[in-house]
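Hello,

Here is the structure I promised to pass on to you. Please have a look through it first, and then read my notes underneath.

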Amino acid sequence: MEHWDIVILGAGAAGLFCAGSAIAQGRRVLVLDHAAKPAEKIRISGGGRCNFTNMATARDRFLSANPRFAASALSRYKPADFVALVDAAGIAWHEKTQGQLFCDGKATQITNMLLNRMRGAELRLQTPIDSVERDGDGFRLRGVGVDIRTARLVVATGGKSIPKIGATGFAYDLAQQFGLRMVETRPGLVPLTFAEQDLALCKPLAGIATDARIAHGGGDFSDALLYTHRGISGPSILQISSFWKAGEELRVDLAPGTDIAAWLRDQRGQAGRTAVATILSRVLPERLAHAIADEAGLSKARLADQNNKQLDRLAARINAWTLRPVGTEGYRTAEVTLGGVDTRDLDAKTMEARSVPGLHFIGECVDVTGWLGGYNFQWAWASGHAAGQA
């Protein structure tokens, strides 16, 4: 049997960062993962450039049954702290919109930085764990060729999102084994899908993007919307998907900042002979403008021939498009998992299970989920740092 001070299950963002923070405390640290490579989510994030944090990080950018829980860790490890590590590693980066920071080069630079930071700890890949048991005041882990005792165990195995890179519900099973409560999990930051009869508009428009504003369930986002063969996606939809639940109706403004009814009346006086579809293409992508005109039965109609009631109906279709998604694309494409280990059972300062001394849960497996745009990586760094420091 091997003996370690700390074993971290999961070589993703949170696990690797925790290892770096723990090794700095002079502990003997072992990181285990069943995957063949570490940090696959980092590698594929941000189009391969890793949106590694967001400078606008604040408690209100995270969803949780207990919105206050994340504040402690986030306040003690801030975006500027991580940026300092990136700068010290010589990694060039840039800021996109809304505080999002990306590598200029490849996302693997972040992974390499984290691996260098945890130098002195041991990383073992392709090492699945079959069982975890309480062993005195520590824990015993077993698997094929594995028999390890550790004083402290950190669970950083993530959620269920993107199973093709190895995501499982291991953390949730382990939490329940030790008597911790769970907040129901579901896919987050995920495209929405329509029933077959509602896809008549979307399928021909697949690949078209337009600005949109969506407010629902406490979320309010203005960003791009993308039509797909299965429904709608794009940043605005991914954001609102975390606030939407099955069966709920959404209302989408496809021309945020423009009162289309008033604008159409004005255009009718100035360019009444122009086709409705042509006028709409001045504020919408051309294919979308023609599709909406066709849907309204106005494919060949002139703007001058439409009365106010008809214009109001057309404007409502643009400023208040009402739709009822049938579901989401699921964990297959979801960027994160909503819900997870109930924060009522964790210490906000150390991420330790209140009823199981020495057992910590960090990162995505905890019921803390950030908005799109680097917030979930910042939670990985902050929660990993909290546990590592403890």
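Below is what turned up in the core and among the aromatic rings.

Please keep in mind that this is a predicted model. A good place to begin is the largest nonpolar core, which has 123 residues. Ile 110, Tyr 227 and Trp 381 are the ones with the most contacts inside that core. If you click on Ile 110 and skip its neighbours within four places in sequence, you will find it in contact with residues including Phe 52, Phe 82, Cys 103 and Trp 381.

Trp 381 also leads on to the aromatic rings. The whole structure holds 13 aromatic pairs. In one of them, the ring centres of Phe 17 and Trp 381 are 5.6 Å apart with the planes at 45°, so this pair is tilted. Phe 17 belongs to helix H1 and Trp 381 to helix H12, so to speak two distant parts of the chain, 364 residues apart. Both Phe 17 and Trp 381 are buried. Ring pairs join these two with Phe 52, Tyr 77, Phe 82 and Phe 377 in a cluster. Phe 17 has a charged partner as well: Arg 117 lies over its face, 3.9 Å from the ring centre.

Another pair to look at is Phe 221 with Phe 243. Their centres are 5.7 Å apart and their planes at 50°, so this pair is tilted. Phe 221 sits in strand S14, while Phe 243 is in the loop between helix H7 and strand S16. Phe 221 counts as buried because its relative accessibility is 7%, and Phe 243 is buried at 15%.

Finally, Arg 28 lies over the face of Trp 4, at 4.4 Å from the ring centre.

Best wishes

Conventions:
Residues numbered from 1 in each chain as written. Predicted model: local features only at pLDDT ≥ 70, side-chain atom pairs only at ≥ 80, totals over all residues. Heavy atoms only, no water. Core = buried A, V, L, I, M, F, W, Y, C linked by side-chain atoms within 4.5 Å. Buried < 20%, exposed > 50% of the residue type's maximum accessible area, 1.4 Å probe, protein only. Contact = heavy atoms within 4.5 Å. Phe/Tyr/Trp six-rings, centres within 6.5 Å; stacked < 30°, edge-to-face > 60°. Helix = DSSP H or I, 4+ residues; strand = E, 2+ residues; numbered from the N terminus. Lys NZ or Arg CZ within 6 Å of the ring centre and 35° of its normal.
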